[in-house]
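Hi,

Here is the structure I said I would pass on to you. Have a look at it first, and then read my notes below with the model open beside them.

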Amino acid sequence: SATTKSQSYDLFNQGLGLNDIYILKISKDGTLLWGKKYGTQYDDNGIDAIEASDGTIVVLGQTNHEKQHGITTLRLTPDGDQIWINHSKNEKNTTANKIVALKNGNFLLSLSVEDEMSKEQIRLIKFDIHKNILLDKVIATRYASVLKDIKEYANGQFAGVGYVKDKEDTDALAVMLDKNFNILSQEHYGDIAYDTFEKVS
């Protein structure tokens, strides 16, 4: 959701304005139940949202400010009222890709973060419903790597897909991870063309 209103409007005092995360809820017959916007005083974009086991909604957003890219997470009631918002600050450029509800009631963020060479690396964050960080890990690889989607297996392992690239080529990437996000296996797929995987099930 974007606005062209002057920053003197009250909505900017609430941390909204510019680009905001917009969430809408629709009934199964297509009726709009509600639509609301959320965010910080910076530029926010909604990336992904899931339903928690208690019926609340957990949202992943991208927040951009002065050429810095960070992430914002929110928890909403089933009616869209904000319970909490958490915005990462003063971190290296981070791109939001996916949020997953885990079988134990916690959540997983699939992100990419720039390393010292401005190369994308996989970053996975596990957190609970009260926004406590349980595990935050950067998976450093030889080539720039990003997971666009990730799923949890019944045994606690994870399958992730995305892309891996060097200066000349981009290939589709598939990885298997253990419960602590250690790589068990990885494979690259593709030819000279640009190849990527977007979803896994």
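**A nonpolar patch on the surface**

Strand β1 (residues 21-26) gives the largest share of the nonpolar patch, namely three residues. The patch is made by Tyr22, Leu24, Ile26 and Leu32, and its area is about 390 Å². Before you go further, keep in mind that this is a predicted model.

Leu32 belongs to strand β2 (residues 32-38). Is Leu32 buried or exposed? Its relative accessibility is 51%, so it counts as exposed, given that the cut-off for exposed is over 50%. As for β1, here is a handy rule to have in mind when you look along a strand: in a regular one, the side chains alternate between the two faces of the sheet.

**Three strands side by side**

Next, find strands β3, β4 and β5. Strand β3 (residues 43-51) pairs with β4 in the antiparallel sense, over eight bridges. One place to see this is Glu51, which stands opposite Ile57 in β4. The hairpin of β3 and β4 has five residues between the strands, and Gly55 there takes a positive phi near 90°.

On to the next pair: β4 and β5 are also antiparallel, with nine bridges. Thr63 has Gly70 in β5 as its bridge partner. This hairpin has two residues between its strands, and Glu66 in the turn shows a positive phi of about 50°.

How many of the nine residues of strand β4 (residues 57-65) are buried? Seven are, so the strand is mostly covered.

**A closer look at Thr72**

Thr72 sits in strand β5 (residues 68-76). With a relative accessible area of 0%, Thr72 is buried. What does its side chain meet in there? The side chains of Thr72 and His87 are joined by a polar contact of 3.0 Å. If you set aside residues up to four places away in sequence, Thr72 touches Thr40, Asp44, Val59, Leu60, Gly61, Thr63, Ile85, Asn86 and His87. Try selecting those in your viewer.

**Salt bridges**

The count of salt bridges comes to nine. Here are three that I'd look at.

Start with Asp81 and Lys36, whose closest N and O atoms are 3.1 Å apart. This pair links distant parts of the chain, 45 residues apart: Asp81 is in the loop between β5 and β6 (82-87), while Lys36 is in strand β2. Asp81 has a relative accessible area of 42% and is partly exposed. Lys36 is partly exposed too, with a value of 28%.

Then go to Asp149 and Lys98, where the closest N and O atoms of the salt bridge are 3.8 Å apart. Here as well the pair links distant parts of the chain, with Asp149 in strand β11 (residues 144-152) and Lys98 in strand β7 (residues 94-101), 51 residues apart. Are these two buried or exposed? Asp149 is buried, at a relative accessible area of 0%. Lys98 has 14% relative accessibility, so it counts as buried, since the cut-off for buried is under 20%. Both residues also belong to a network of salt bridges that links Asp48, Lys98, Asp149 and Lys151.

The third one is between Arg123 and Asp136, and its closest N and O atoms are 2.7 Å apart. Arg123 lies in strand β9 (residues 120-127) and Asp136 in strand β10 (residues 133-139), so the pair links distant parts of the chain, 13 residues apart. The two ends have unlike surroundings: Arg123 counts as buried at 9% relative accessibility, whereas Asp136 counts as partly exposed at 39%.

**Last stop: Gly190**

Finally, scroll to Gly190, in the segment after β14 (183-189). Gly190 is exposed, with a relative accessible area of 57%. Which residues is Gly190 in contact with, leaving aside its neighbours within four places in sequence? They are Asp171 and Asp195. There is also Thr170 to look at: it is 20 residues from Gly190 along the chain, and the C-alpha atoms of the two are separated by 8.1 Å.

Happy exploring!

Note on methods:
Residues are numbered from 1 along each chain as its sequence is written. This is a predicted model: local features need pLDDT of at least 70, side-chain atom pairs count only at pLDDT 80 or more; totals for chains, interfaces and linings use all residues. Side-chain values use heavy atoms; hydrogens and water are left out. Helices (H or I, at least four residues) and strands (E, at least two) are DSSP runs, numbered from the N terminus. Buried means under 20% relative accessible area, exposed over 50%, partly exposed in between (1.4 Å probe, protein chains only). A polar contact is a pair of N or O atoms within 3.5 Å; within protein, one must be able to donate a hydrogen and the other to accept it, and residues adjacent in sequence count only if both atoms are side-chain atoms. Contact means heavy atoms within 4.5 Å. Two strands pair if DSSP finds at least two bridges between them. Patches are made of residues with over 30% relative accessible area and no salt bridge: like charges are joined within 9 Å, nonpolar side chains (Val, Leu, Ile, Met, Phe, Trp, Tyr) within 5 Å. Accessible areas come from the Shrake-Rupley method with a 1.4 Å probe; for residues, only the protein chains shown count as cover. A salt bridge is a side-chain nitrogen of Lys or Arg within 4 Å of a carboxyl oxygen of Asp or Glu.
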